[in-house]
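Trainee: I should like to work through this model with you, residue by residue where that helps. May I put my questions in turn?

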Amino acid sequence: NKFEDLSFGSRPTQIVQRYEELYTQNRVDAIDALDDLELPLPPGEASDLIFKSKLLFAVLEVSYKASRKASKDIKEQVRKTLNAPPTNSMGASTKAAAAKQLDTAAS
């Protein structure tokens with residue numbers, strides 16, 4: 001059985017709650033802000049709302065990728081600071097243990 005670590009702010013239930021808040025309230029606020037910009041509807045788009053939703057999804061996707069890269073960069077910097085060996089030179093069990101320790105240290 002897998003249990004949630006309740007000591008961290010990124011546990012699965014909290015992530016779900018944050019996503020739900022982002023989707024329900026912040027998405028509406030962002031679409032309202034886009035309405036104020038009066039963006040022209042590109043050719044081939046069925047509706048203004050669909051276009052704006054696609055635009056917001058693209059922004060979220062780029063934001064996610066950027067934050068994921070930043071997280072990896074921070075973990076790599078911590079690994080270098082601790083003079084830890086590269087993860088590709090370890091066995092599977094050692095790599096999993098090191099990754100868990102690094103995640104805990106970087107969080």
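**Salt bridges and surface**

Mentor: Let us begin with one residue: Glu-61 has a relative accessible area of 36%, so Glu-61 is partly exposed. Please bear in mind that this is a predicted model.

Trainee: With which residue does the side chain of Glu-61 meet in a salt bridge?

Mentor: The N to O distance of the pair is 3.7 Å, and the cut-off for a salt bridge is 4 Å. Both residues lie in helix α2, 4 residues apart, which is about one turn of the helix. The partner has 52% relative accessibility and therefore counts as exposed. The partner of Glu-61 is Lys-65.

Trainee: Which residue forms a salt bridge with Lys-69?

Mentor: Lys-69 counts as exposed because its relative accessibility is 52%. The closest N and O atoms of the bridge are 2.8 Å apart. The two residues are 4 residues apart in helix α2, so about one helical turn separates them. The partner, partly exposed with a relative accessible area of 40%, is Asp-73.

Trainee: Is Lys-52 buried or exposed?

Mentor: The cut-off for a buried residue is under 20% relative accessible area. Lys-52 has 3% relative accessibility, so the class of Lys-52 is buried.

Trainee: How far apart are the closest N and O atoms in the salt bridge of Lys-52 with Asp-35?

Mentor: Opposite charges can pair when the charged atoms of their side chains come close. Asp-35 is partly exposed, at a relative accessible area of 37%. In the bridge between Lys-52 and Asp-35, the closest N and O atoms are separated by 2.4 Å.

Trainee: In which helices do Lys-52 and Asp-35 lie?

Mentor: The two form a salt bridge. This pair links distant parts of the chain, 17 residues apart. Lys-52 is in helix α2 and Asp-35 is in helix α1.

Trainee: How many salt bridges does the count give?

Mentor: Those discussed so far include Lys-65 with Glu-61 and Lys-69 with Asp-73. Another is Lys-52 with Asp-35. The count comes to 5.

Trainee: Which helix gives the most to the nonpolar patch?

Mentor: The patch on the surface is formed by Tyr-19, Leu-22, Tyr-23 and Leu-60, with about 390 Å² of accessible area together. Leu-60 lies in helix α2 and is partly exposed, with a relative accessible area of 42%. The helix that gives the most, with 3 residues, is α1.

Trainee: In which helix is Asp-29 of the negative patch found?

Mentor: Asp-29 gathers with Asp-32, Asp-36 and Glu-38 in a patch of negative charge on the surface. Asp-29 counts as partly exposed because its relative accessibility is 37%. Its helix, residues 12-37, is α1.

Trainee: How far apart in space are Pro-40 and Phe-51, C-alpha to C-alpha?

Mentor: Pro-40 lies in the loop between α1 and α2. With 65% relative accessibility, Pro-40 counts as exposed. Pro-40 and Phe-51 are 11 residues apart in sequence, and their C-alpha to C-alpha distance is 9.9 Å.

Trainee: In which helix is confidence lowest?

Mentor: The protein averages a pLDDT of 77, and 79% of the residues score at least 70. Where pLDDT is low, the predicted coordinates should not be read in detail. Helix α2 (residues 48-81) has the highest confidence, at 87, whereas the lowest, at a mean of 72, belongs to helix α3.

How values were computed:
Residues numbered from 1 in each chain as written. Predicted model: local features only at pLDDT ≥ 70, side-chain atom pairs only at ≥ 80, totals over all residues. Heavy atoms only, no water. pLDDT = per-residue confidence, 0-100. Patch = residues over 30% accessible without salt bridge, like charges linked within 9 Å, V, L, I, M, F, W, Y side chains within 5 Å. Areas by Shrake-Rupley, 256 points an atom, 1.4 Å probe, with all protein chains shown as cover. Lys, Arg positive; Asp, Glu negative; His and termini not counted. Charge placed at Lys NZ, Arg CZ, Asp CG, Glu CD. Buried < 20%, exposed > 50% of the residue type's maximum accessible area, 1.4 Å probe, protein only.
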